[in-house]
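This report covers the surroundings of the ligand and then the cysteines.

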Amino acid sequence: MTMGAGSGAGIDRRALIAGLGATALAGCAGTQAQLNTPPPPPAPGALNSVPTALEISAAARSRGRRFGSAVAAGAFGTASFADRDYANLLSIAGRVVVAENEMKWQAVRPGPGQFDFAAFDRIVAGAEARSMAVRGHTLLWHRPRWMPDWVNTHDYGVRPATAAAAMLVEHIETVTRRYGTRIHSYDVVNEVVEPSDGSLVPTSMSQAMGGITDTVDLAFRTARAAAPHAELVYNDYMGWEASSATHRAGILRLLEGFRARGTPVDTLGLQSHLTATADPREIVAQQREWRAFLDAVVAMGYRLIITELDVSDEQLVADVARRDQQLADNLAGYLDVSLDYGVMGDVLTWGLVDRYSWLQSFRPRSDGLPQRCCPFDDMYRAKRMARVIADKLGAARPVVAASAT
Ligand code: XIL
């Protein structure tokens with residue numbers, strides 16, 4: 001298995017030309033109607049951001065990694081390949097994408113016996129048209145809040161354990177077999193650990209199956225059998241903040257359990273939804289805790305990947321220049337530690353442009369100002385956050401290939 005090894009052929013000429021203003025890639029994943037509509041002129045900052053985007057890509061590659069981002073399957077004016085400026089930025093800076101929502105159960109499995117891959121297929125096609133790799137997110141989001149209602153209320157019948165196992169296996173086999181080696185890495189299971197007490201969260205499926213670890217282990221074993229080429233990731237949002245200590249402890253227990261039971265998990269996915277602090281001393285304290293956590297994870301033989309990086313500025317001042325600086329200081333501190341591991345693979349942000357970020361609605365600022373949580377602003381201009389990403393990727397510890405560990 002090879003993972004995260006900057007396998008792209010570098011900055012491809014086509015993406016570069018597109019980034020410099022050509023419209024060749026516009027509407028690549030769009031409909032005929034979109035193709036016939038002349039696109040509006042590029043966003044004001046789109047051309048100015050090209051040098052930074054190129055630097056991010058080159059910096060990641062110089063250390064054996066890829067940079068990437070979440071992408072959606074929407075139309076023009078969303079974080080999607082159908083939005084020319086977004087697509088250009090993504091394909092210049094990045095070599096790997098992940099679907100923001102389109103591979104989740106809500107999207108691909110509208111009912112017990114139904115599958116619908118239309119939206120996710122558009123993302124995979126858009127990525128492949130730009131020679132970008134695709135991560136799979138997620139084969140099991142182990143949280144009732146984020147599963148479709150039909151799963152949460154499903155009647156598993158008279159033999160619930162058998163029926164629940166069959167449903168999970170069918171789901172994972174259907175998705176992984178459809179995409180084969182076109183998907184090199186899967187967030188097999190997402191968010192099993194309850195942050196407040198470190199326990200494991202029950203779901204309708206785990207109750208039917210008679211155990212949470214049985215459910216999660218079955219997901220990984222099924223994925224390994226159906227997609228033996230793929231990196232299998234357990235993905236969660238335990239942060240480096242002091243308030244996440246209990247969550248981190250719960251994650252370590254879960255990871256120990258995987259090893260004890262021989263569950264095939266390769267990698268811990270660090271979602272990396274950071275909350276920036278205005279206090280530099282806190283950053284230093286968090287670095288210490290974070291390093292201890294990652295050391296413990298790596299000591300168990302896991303690899304690492306940054307799967308969903310963004311930085312909430314909800315605790316920072318309104319002033320944009322100070323806010324961007326403080327946010328960048330937090331991210332620099334986080335990446336200094338996180339990228340100091342040779343087993344750290346690719347680095348993906350959860351979006352590239354502020355206005356499309358889920359944090360605008362999920363974590364709104366109390367003063368009503370928009371979050372500045374992504375590397376590029378609403379006019380697609382590179383912010384300090386993009387600078388930090390380029391610098392820290394360039395200074396990172398080189399990747400040690402999976403086969404060499
Ligand atoms: C979020 C999406 O960004 C939103 O659009 C959606 O409404 C909810 O999910 N952790 C994850 C991601 O693993 O799937 C989440 O994405 C963000 C938190």
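The shell around the ligand is made up of 4 nonpolar, 5 polar and 4 charged residues. The model described here is predicted. In total, 13 residues surround the ligand. The closest of them are Glu-100, Lys-104, His-137, Asn-190 and Glu-308.

**Ligand contacts**

The ligand is placed in the largest pocket. Side-chain N or O atoms come up to ligand oxygen at several residues, among them Asn-101, Asn-190 and Trp-350. The distances are listed below.

| Residue | Side-chain atom | Ligand atom | Distance |
|---|---|---|---|
| Asn-101 | N or O | oxygen | 3.0 Å |
| Asn-190 | polar atom | oxygen | 2.9 Å |
| Trp-350 | N or O | oxygen | 2.9 Å |

On its own, the ligand has 410 Å² of accessible area, and the protein covers 83% of that area. Asn-190 appears twice in this picture: it belongs to the closest residues around the ligand, and its side chain places a polar atom 2.9 Å from a ligand oxygen.

**Cysteines**

How many disulfides does the model contain? The count is 0, with a disulfide taken as a pair of cysteine sulfur atoms within 2.5 Å. For Cys-373, the nearest cysteine sulfur belongs to Cys-374 and is 4.0 Å away. That distance lies outside the 2.5 Å cut-off, so Cys-373 is in no disulfide. Taken from the other side, the nearest cysteine sulfur to Cys-374 is that of Cys-373, again at 4.0 Å, and Cys-374 is in no disulfide either.

Are these two cysteines buried or exposed? Cys-373 has 0% relative accessibility and is therefore counted as buried. Cys-374 has 1% relative accessibility, so Cys-374 is counted as buried too. The threshold that decides this is a relative accessible area under 20%.

Key:
Residues numbered from 1 in each chain as written. Predicted model: local features only at pLDDT ≥ 70, side-chain atom pairs only at ≥ 80, totals over all residues. Heavy atoms only, no water. Near = heavy atom within 4 Å. Polar contact = N/O pair within 3.5 Å; in protein donor to acceptor, adjacent residues only side chain to side chain. Areas by Shrake-Rupley, 256 points an atom, 1.4 Å probe, with all protein chains shown as cover. 1 Å grid on protein atoms, 1.4 Å probe; cavity = no way out; pocket = protein on both sides within 12 Å on 5 of 7 lines; lining within 4 Å. Sits in = over half its atoms within 2 Å of the grid points. Nonpolar A, V, L, I, M, F, W, Y, C, P; charged D, E, K, R; others polar. Buried < 20%, exposed > 50% of the residue type's maximum accessible area, 1.4 Å probe, protein only.
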